[in-house]
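Student: I'm new to this one. Could you walk me through it?

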Amino acid sequence: MTDLSKYRNIGIFAHVDAGKTTTTERILKLTGKIHKIGEVHDGASTMDFMEQEAERGITIQSAATTCFWKDCQFNVIDTPGHVDFTIEVYRSLKVLDGGIGVFCGSGGVEPQSETNWRYANDSKVSRIIYVNKLDRIGADFYRVVEQVKKVLGAHPLVMVLPIGTESDFKGVVDLLSMKAYVWDESGQPENFTVTDIPADMVEKAEQYRAELVEKAVEQIDEVMEAYLEGTEPDVETLKKCIRKGTIDLAFFPTYCGSSFKNKGLQLILDAVVDYLPSPLEVKPLPEVDEEGNETGKFAESDPNAPFRGLAFKIMDDKFGALTFTRIYSGTIKKGDTVLNSFTGKTERISRMVEMHANDRNEIDTARAGDIIAIVGLKNVQTGHTLCDEKNPATLEPMVFPDPVISIAVAAKDKANAEKLSNAIGKMVQEDPSFRVETDEETNEMILKGMGELHLDIKIDILKRTHKVEVEVGAPQVAYRETITKAVSDSYTHKKQSGGSGQYAKIDYTIEPAEAGTGFVFESAVVGGNVPKEYIPAVEKGFKTSIDKGPLAGYPCLDFKVTLTDGGFHAVDSSSIAFEIAAKAAYRQTMAKAAPQLLEPMMKLDVFSPEEKIGDVIGDLNRRRGMIQGQEPTPGGVRVKAEAPLSAMFGYIGDLRTMTSGRGQFSMEFSHYAPCPKNVAEEVIAAAKKREEARRAGK
């Protein structure tokens with residue numbers, strides 16, 4: 001199939017448990033891709049194919065599949081909802097043209113929905129909204145629409161109205177055709193009838209249709225003028241207006257239904273065809289140079305243009321490494337050689353497959369607009385650009401957040417040690433938010449991730465998928481350090497050891513900088529007391545030192561070094577001498593600049609039954625949490641708060657105990673904040689103890 005206007009690259013994203021995977025299962029059934037629906041709660045869904053996903057009933061990694069509806073090809077990606085795996089959503093949204101944002105009819109706009117919505121806004125992805133689970137107790141379509149406006153600041157365009165609520169939900173009113181779609185109780189998606197709107201809903205339907213028409217006609221001037229002169233647009237014209245508004249992100253067509261009960265999904269599939277953009281209608285991805293600046297060229301969605309593809313996910317399976325790639329322009333064939341513009345190395349395309357969750361169909365050719373998996377690429381990582389070797393280019397790279405939590409792992413014995421390093425290598429390639437370091441002094445392997453669940457799953461994968469026996473240390477918080485006072489200082493490095501020596505003198509000021517600026521270096525030297533060629537060496541000396549702060553050896557943030565003056569020797573000065581001087585100056589002065597320990601603060605969203613809310617808030621206060629707001633929901637109360645990560649270990653267990661298993665929470669990194677004195681003293685004492693133990697062991 002080569003008509004790009006018939007392609008739809010879409011993702012399904014939402015808060016954990018809003019029904020994304022169930023919705024995807026229904027889409028696959030309706031489009032004839034699968035014949036038996038697998039349920040998430042039975043651990044049998046098609047898209048959740050990892051053992052850990054089936055067991056926990058959550059999606060951990062995004063899965064891809066291809067299906068067809070009304071002569072359009074859908075490339076669908078089902079993404080995770082849990083906050084620890086947002087990286088999967090981020091990188092999927094980066095390569096998609098459109099999305100379906102799923103919201104729970106009773107839970108409404110939940111915290112992870114907000115994060116995903118923000119990512120989708122950043123990536124400028126057109127979306128339709130689907131309010132799911134309308135058959136649930138407490139479900140309210142109109143309340144969720146208001147929340148979308150208030151919490152997300154978005155403009156929902158209501159396309160359907162629900163018929164019945166909660167257990168009486170039986171269908172929807174389509175505001176375009178002004179017909180009612182009513183499903184029977186068989187649970188079969190195809191068992192529905194199209195009838196007149198129920199009498200008690202006619203007035204409401206007319207009111208919402210008038211609003212829909214008014215918003216839609218604003219998109220095309222001629223239609224707007226005709227409408228103002230009294231000509232009502234026909235359905236096809238309205239669809240054109242809605243399509244334009246959706247692609248321009250002016251509004252988001254909003255639908256409702258119940259995926260589990262198979263009600264309302266056909267209209268969503270029609271909406272994907274009618275309103276979400278094809279690869280031809282999306283703004284082409286800009287090409288960038290080595291520094292990440294745009295070159296003014298774009299990867300046009302043209303099968304005849306030079307080849308451009310973005311690797312957005314690496315997955316290891318029994319057939320070897322699969323590199324999921326979105327092709328932006330050009331055509332690629334089996335046997336072609338492509339260039340990885342990040343590494344400068346070429347890769348041969350030996351096998352390409354179209355994915356259906358963890359099944360695959362071999363293909364020989366893929367072209368602009370396709371999302372495929374390439375088998376067996378050696379040195380490609382997430383965010384790398386694959387391109388035509390005669391026409392090299394780099395597409396906008398992906399940026400991943402830093403991990404906030406770490407644990408130490410060690411292989412149980414020598415036999416497991418080699419298996420461990422191989423397995424970790426594969427896992428790091430698959431997940432860019434998962435990092436690994438080796439502590440050179442203790443030789444421990446430190447795993448770093450986005451949260452407790454993230455690392456918990458990684459250990460589980462190590463043990464079960466890779467069959468590696470490991471011992472796991474207690475989780476560690478990624479503290480940081482900064483300074484609170486400006487200090488002007490001087491340092492002279494002098495070394496004479498027969499023959500030419502080393503000499504470098506630097507005068508400098510170290511001062512606090514604005515939060516979020518990291519490390520800033522500036523030279524204010526005039527008159528050549530420090531020759532220009534040595535200034536980068538001074539910057540390098542400071543920059544390589546910032547990983548070890550003066551208090552407890554944690555990396556230093558948010559300070560500025562200004563080189564003001566210095567001195568050099570015509571024979572003995574060198575770049576190395578100035579670099580050594582800067583490193584020693586850092587150690588000498590940072591300790592004088594009133595250093596301060598910073599701890600990661602987490603943004604919390606806690607759900608509690610109403611009768612337990614006092615206990616939950618009391619517990620958060622004990623954990624040094626700052627309550628920022630409470631919001632009543634149909635099933636209880638949602639509390640927004642901020643709390644330090646160090647106080648949140650094991651929180652889910654405590655929350656479940658307090659709320660008899662009904663409490664839920666999600667947590668994501670917010671910012672670094674100064675540690676209270678008593679906490680800082682404990683952390684610094686523990687760091688000193690570790691340092692002494694290391695020295696004693698040497």
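Below, a student asks about the structure and a tutor replies.

Student: What share of the residues of the protein counts as buried?

Tutor: First off, this is a predicted model. It has 16 helices and 38 strands. Of its 698 residues, the share that counts as buried is 54%.

Student: And what share of the contacts with a separation of 6 or more comes from residues 24 or more positions apart?

Tutor: Here we take the contacts in the protein with a separation of 6 or more and pick out those between residues 24 or more positions apart. Their share is 72%.

Student: Let's look at some helices. Is α6 parallel or oblique to α8?

Tutor: Helix α6 covers residues 202-217 and helix α8 covers residues 235-247; their axes lie 8 Å apart, at an angle of about 60°. Roughly perpendicular would start at 65 degrees, and roughly parallel needs an angle under 35. So α6 counts as oblique to α8.

Student: Which residues of α8 make that contact with α6?

Tutor: α6 passes α8 in a left-handed crossing. From the α6 side come Arg209, Leu212, Val213, Ala216 and Val217. By class, the whole contact has eight nonpolar, no polar and one charged residues. On the α8 side, the residues are Val235, Leu238, Cys241 and Ile242.

Student: How does α8 lie to α9: roughly parallel or roughly perpendicular?

Tutor: The axes of α8 and helix α9 (residues 265-275) come within 9 Å and cross at roughly 80°. Angles of 65 to 115 degrees fall in one class, so α8 is roughly perpendicular to α9.

Student: How many charged residues are in the contact of α8 with α9?

Tutor: Lys239, Ile242, Arg243, Thr246 and Ile247 of α8 meet Val273, Asp274 and Tyr275 of α9. Sorted by class, there are four nonpolar residues and one polar, and the charged ones number three.

Student: What length does helix α13 reach from its first C-alpha to its last?

Tutor: Helix α13 spans residues 575-590, which is 16 residues. Its buried residues include Phe578, Glu579, Tyr586 and Met590, and among the elements covering the buried residues are α12 (535-543) and β35 (595-608). At 1.5 Å a residue you'd expect 22 Å, and the helix comes close to that, reaching 22 Å.

Student: Last one: is Lys419 buried or partly exposed?

Tutor: Lys419 is in helix α10 (residues 414-430). Beyond its neighbours within four places in sequence, it is in contact with His466, Lys467 and Val468, and its C-alpha is 8.3 Å from that of Lys467, 48 residues apart along the chain. Buried means under 20% relative accessible area. Lys419 has 38%, so it is partly exposed.

Notes:
Residues numbered from 1 in each chain as written. Predicted model: local features only at pLDDT ≥ 70, side-chain atom pairs only at ≥ 80, totals over all residues. Heavy atoms only, no water. Helix = DSSP H or I, 4+ residues; strand = E, 2+ residues; numbered from the N terminus. Expected span 1.5 Å × (residues − 1). Buried < 20%, exposed > 50% of the residue type's maximum accessible area, 1.4 Å probe, protein only. Contact = heavy atoms within 4.5 Å. Axes fitted to C-alpha atoms, helices over the stretch in contact; angles between N-to-C directions. Parallel < 35°, antiparallel > 145°, perpendicular 65-115°, else oblique. Left-handed = near helix turned anticlockwise from the far one by under 90°. Nonpolar A, V, L, I, M, F, W, Y, C, P; charged D, E, K, R; others polar.
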